[in-house]
Amino acid sequence: MKGTDKMDVESLIKRKITVTYVTTAVTSFIFVYLYMADGMKEGTTYNLGGEFLRWVFLYSMYVGAIVLIYGTLVSVVIEYLQRRWFIKHTWLYILLHGLFGLLNGLFFQETSLAIAGMVAALFYAFIDRWLYVRDKAQQTTKLFLLFPPLACGLLCVYFQIISEPLPPFSTEDAVEFATDGEGTFTEVFPKYVGKVDEMIHGYHVERETSAKGIGKEKYLITFTERWNKGKEKGFWSFSYEVERKSLTAYDDEGTYPPYYQ
């Protein structure tokens with residue numbers, strides 16, 4: 001008898017983990033698909049496949065935590081009650097899951113979240129009962145576990161196919177990227193290839209931004225500052241290797257300007 005109980009517990013744990021995995025994946029896919037479909041109407045449509053994977057990862061962390069902690073605990077309690085009082089009423093088992101999924105959203109006073117929680121909970125219950133029946137009939141569910149990664153791959157390919165090709169990353173784009181941001185040394189330099197002159201604390205200061213292509217869509221952006229005040233003069237130069245969404249310090253030479261100290 002103890003051996004049977006142990007097998008039942010192991011089977012229950014395995015089933016709940018499987019249901020959590022599938023429910024988290026499918027729910028995340030639906031949320032991300034709706035989010036991206038809505039965002040495509042207003043935003044850019046570049047590299048949607050990568051965006052899909054990024055959002056799936058973020059949604060899965062949030063959804064997975066709720067399903068694993070709240071959903072699984074509730075499901076185990078409901079299954080315990082079913083085995084004691086309504087073993088033949090599978091519809092009630094599923095309905096109770098939906099009600100608790102609804103309550104989770106109502107707790108945060110979000111109607112849309114409550115409906116989404118109810119739908120996810122009903123899906124959880126349906127999959128759980130389906131796996132329970134297959135387990136009792138000693139039928140394998142290994143192929144079923146391939147559904148989430150397969151669906152994820154197909155959706156990723158779909159979004160990538162409908163993506164617009166990325167525009168070329170030009171010299172102007174590289175300079176803009178390197179000079180973007182407040183509170184950095186580069187913010188005082190021209191946001192274009194060229195020079196500017198100004199007076200700072202009695203120093204005549206010339207600031208120059210220059211760019212040089214060093215590879216495919218890869219540039220060396222150099223910022224040079226020259227100053228003089230009477231017989232005192234000097235320069236300071238630093239540069240970055242810039243690619244699309246990537247900036248790496250490359251070189252630094254000269255003397256730090258005295259009017260910054």
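**Salt bridges, strands and cysteines**

The side chains of Glu-198 and Arg-207 meet in a salt bridge, with N and O 2.4 Å apart; the term stands for a side-chain nitrogen of Lys or Arg within 4 Å of a carboxyl oxygen of Asp or Glu. The model is a predicted one, in which local features need pLDDT of at least 70 and side-chain atom pairs count only at pLDDT 80 or more, while totals for chains, interfaces and linings use all residues. Residues are numbered from 1 along each chain as its sequence is written, and side-chain values use heavy atoms, with hydrogens and water left out.

Side chains of opposite charge can pair when their charged atoms come close. How many salt bridges does the structure hold? The count is 10. Solvent exposure helps to describe the partners: a residue is called buried under 20% relative accessible area, exposed over 50%, and partly exposed in between (1.4 Å probe, protein chains only). Glu-198 is partly exposed, because its relative accessibility is 33%. Arg-207, in contrast, counts as buried at 3%.

Arg-207 has another salt-bridge partner in Glu-225, where the closest N and O atoms are 3.2 Å apart. Arg-207 belongs to strand β2 (residues 203-215) and Glu-225 to strand β3 (residues 218-229), so this pair ties together parts that are 18 residues apart in sequence. Helices (H or I, at least four residues) and strands (E, at least two) are DSSP runs, numbered from the N terminus. Arg-207 and Glu-225 are both buried. Elsewhere, salt bridges with shared partners link Arg-15, Lys-16, Asp-128 and Arg-129 into one network.

Within that group, Arg-15 and Asp-128 meet through their side chains at 3.0 Å, N to O. Arg-15 is part of helix α1 (residues 2-39) and Asp-128 of helix α4 (residues 111-136), so the salt bridge ties together parts that are 113 residues apart in sequence. Arg-15 counts as buried because its relative accessibility is 6%, and Asp-128 is buried too, at 0%.

The strands come next. Two strands are said to pair if DSSP finds at least two bridges between them. An open sheet of 5 strands follows the order β1-β2-β3-β4-β5, and the pairing is antiparallel. β1 (194-200) and β5 are the edge strands, each pairing on one side only. On average, neighbouring strands of the sheet are turned by 20° against each other, direction ignored.

Going through the sheet, β2 pairs with β3 in the antiparallel sense over 11 bridges, and Glu-208 stands opposite Thr-224 in β3. These two strands form a hairpin with 2 residues between them, and Glu-217 in the turn has a positive phi of about 50°. Antiparallel β3 and β4 are likewise joined by 11 bridges. Here Glu-225, the salt-bridge partner of Arg-207, stands opposite Trp-236 in β4. β3 and β4 also form a hairpin with 2 residues between them, with Gly-230 in the turn at a positive phi of about 65°. Finally, 8 bridges join β4 to the antiparallel β5, and Trp-236 stands opposite Gly-254 in β5.

A helix meets this sheet. Helix α6 lies across β2, β3, β4 and β5, at about 60° to β3; axes are lines fitted to C-alpha atoms, for helices over the stretch in contact, and angles run from 0 to 180 degrees between N-to-C directions. Which residues of α6 (residues 171-179) are buried? They are Ala-174, Val-175, Ala-178 and Thr-179. These residues lie on the same side of α6, because they cover an arc of only 120° around the axis, taken from the directions from the helix axis to the C-beta atoms. An α-helix has 3.6 residues a turn, so residues three or four places apart point the same way. Glu-172 and Glu-176 are exposed on the other side of α6. The buried residues of α6 pack against β2, β3, β4 (232-243) and β5 (246-254), where contact means heavy atoms within 4.5 Å.

The structure holds 0 disulfides, a disulfide being a pair of cysteine sulfur atoms within 2.5 Å. Why is Cys-152 without such a bond? Its closest cysteine sulfur, in Cys-156, is 6.5 Å away, too far for a bond. Cys-152 is buried, with a relative accessible area of 16%. Cys-156 is in no disulfide either, and at 17% relative accessibility it counts as buried.
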